[in-house]
Amino acid sequence: MARVDGNARDMTGISKVGVIGAGTMGAGIAQVAAQGGMDVVLIDTTDEFVQRGVSRIESGLRRLVDKGRIDANARDSVIARIAPGTDLELIAEVDLVVEAVIESFDAKAAVFRDVSDVVGSSTILATNTSSISITALAGTVPHPEQFVGMHFFNPVPVMKLVEVVRGLQTDDRTAAIVHDAATRLGKTPVTVADIPGFAANRILMPMINEAIFALSEGVASADDIDTVMTLGASHPMGPLALADLIGLDVCLHIMEVLHGDFGDSKYRPAPLLRQMVAAGRLGRKTGQGFHQYEDA
Ligand code: 3HC
């Protein structure tokens, strides 16, 4: 993306993306970017983490081939567009960086510090944070006007939404380019303000938290609470099953951010949620959450 300085700014968009973090979200973002025709560099800290991300992408694409959605040639060209590695120098030429590392301000700020040393001055920096202030993270980079939130949803290849979160300093050009990039990935972007929880998690997490209160008060069993919401409200999965999919540690963290930042007791995390996390019952990733999973 050649940027023209001054008023005649280049809006041709993104052709090369660097994804930092090859976990569930990062691998999903890399997959949809490559499927969208972009060249992708997928970075993590160890070969093992990178390889795990690549395996996730391969199995996601296998799923599509098995269903006849794409053929083997298309799968191979998607894989060929992804350059995996551990050396941050690989992202020197990208137009857009999407960071998807652990949900910690310090960890993300450290990533953006290192990224800023490597990329060009016109590169757009995006974070997939679910709860951290975009404005605060933007304060750690040299060009906060080119910093934005790009909030994807799990499972990334399936979920259509991307929240484009504008920090206080995000400029119109950055927001427009990221909006366009999300559309090219087959997603529907919605622009939201940098207010805790943005839009989706501010609404979704209190619902999940309330379902956990209902469970602990004996309103109904976990299965029945989920059935109530799948059959009574047409949700694709119940709130407790969804909490297990997201990760109970992630849900707790987001509730703590909402509670702390708004200072409103309506966001207090359910004690049972805290207990589940303390017990290491984090949902699908540990094999046990509100439900049990055999394939963890
Ligand atoms: N990767 C890729 N594709 C997947 C997938 C995965 N992990 N899981 C399911 N799919 C695909 C299936 O292949 C299938 O595709 P098809 O319709 O094209 O054949 C489709 O999704 C439906 O899957 P299944 O038939 O196996 O199962 P379900 O119908 O039960 O759907 C689900 C599974 C897509 C997870 C659905 O239950 C759902 O949409 N649940 C809600 C998910 C949700 O709300 N996610 C957002 C979480 S919040 C978040 O991420 C924000 C963060 O900040 C916390």
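Trainee: How many nonpolar, polar and charged residues does the shell around the ligand have?

Mentor: This is a predicted model, with residues numbered from 1 along each chain as its sequence is written and side-chain values that use heavy atoms, leaving out hydrogens and water. Local features need pLDDT of at least 70 and side-chain atom pairs 80 or more, while totals for chains, interfaces and linings use all residues. Sorted by class (Ala, Val, Leu, Ile, Met, Phe, Trp, Tyr, Cys and Pro nonpolar; Asp, Glu, Lys and Arg charged; the others, Gly among them, polar), the shell has 10 nonpolar, four polar and three charged residues.

Trainee: Which residues are the closest to the ligand?

Mentor: Start with the ring of residues that surround the ligand, each with a heavy atom within 4 Å of it. There are 17 of them. The closest are K67, R69, S130, H151 and N154.

Trainee: How much of the ligand's accessible area does the protein cover?

Mentor: Look at the side chains first, for polar contacts (N or O pairs within 3.5 Å). Ligand oxygen atoms lie 2.3 Å from an N or O atom of the K67 side chain, 2.4 Å from one of R69 and 3.1 Å from a polar side-chain atom of R63. Of the 1000 Å² of accessible area (Shrake-Rupley, 1.4 Å probe) that the ligand has on its own, the protein covers 63%.

Trainee: Which element gives the largest share of the shell?

Mentor: Elements here are DSSP runs numbered from the N terminus: helices (H or I, at least four residues) and strands (E, at least two). That largest share is three residues, and they come from α7.

Trainee: Where does the ligand lie relative to the domains?

Mentor: The domain assignment, automatic or from a database, gives domain 1 (16-193) and domain 2 (201-286). Taken over C-alpha atoms, their centres are 27 Å apart. Both domains give residues to the shell around the ligand, so the ligand lies between them.

Trainee: Which three residues supply 67% of the area that domain 1 buries against domain 2?

Mentor: The buried area (accessible area lost on putting two parts together, 1.4 Å probe, summed over both) is about 500 Å² between the domains. Carbon and sulfur atoms give 51% of that. On the domain 1 side, more than any other three residues give, the 67% comes from S130, S131 and N154.

Trainee: Which residue does a cis peptide bond join to N154?

Mentor: Most peptide bonds are trans. Here omega is about 0°. The partner of N154 sits in the loop between β6 (147-151) and β7 (161-166), and it is P155.

Trainee: Which residue has a positive phi although it is not a glycine?

Mentor: Most residues other than glycine have a negative phi. In the loop between β8 (188-193) and α7, a phi of about 50° belongs to F198.

Note on methods. A polar contact is a pair of N or O atoms within 3.5 Å; within protein, one must be able to donate a hydrogen and the other to accept it, and residues adjacent in sequence count only if both atoms are side-chain atoms.
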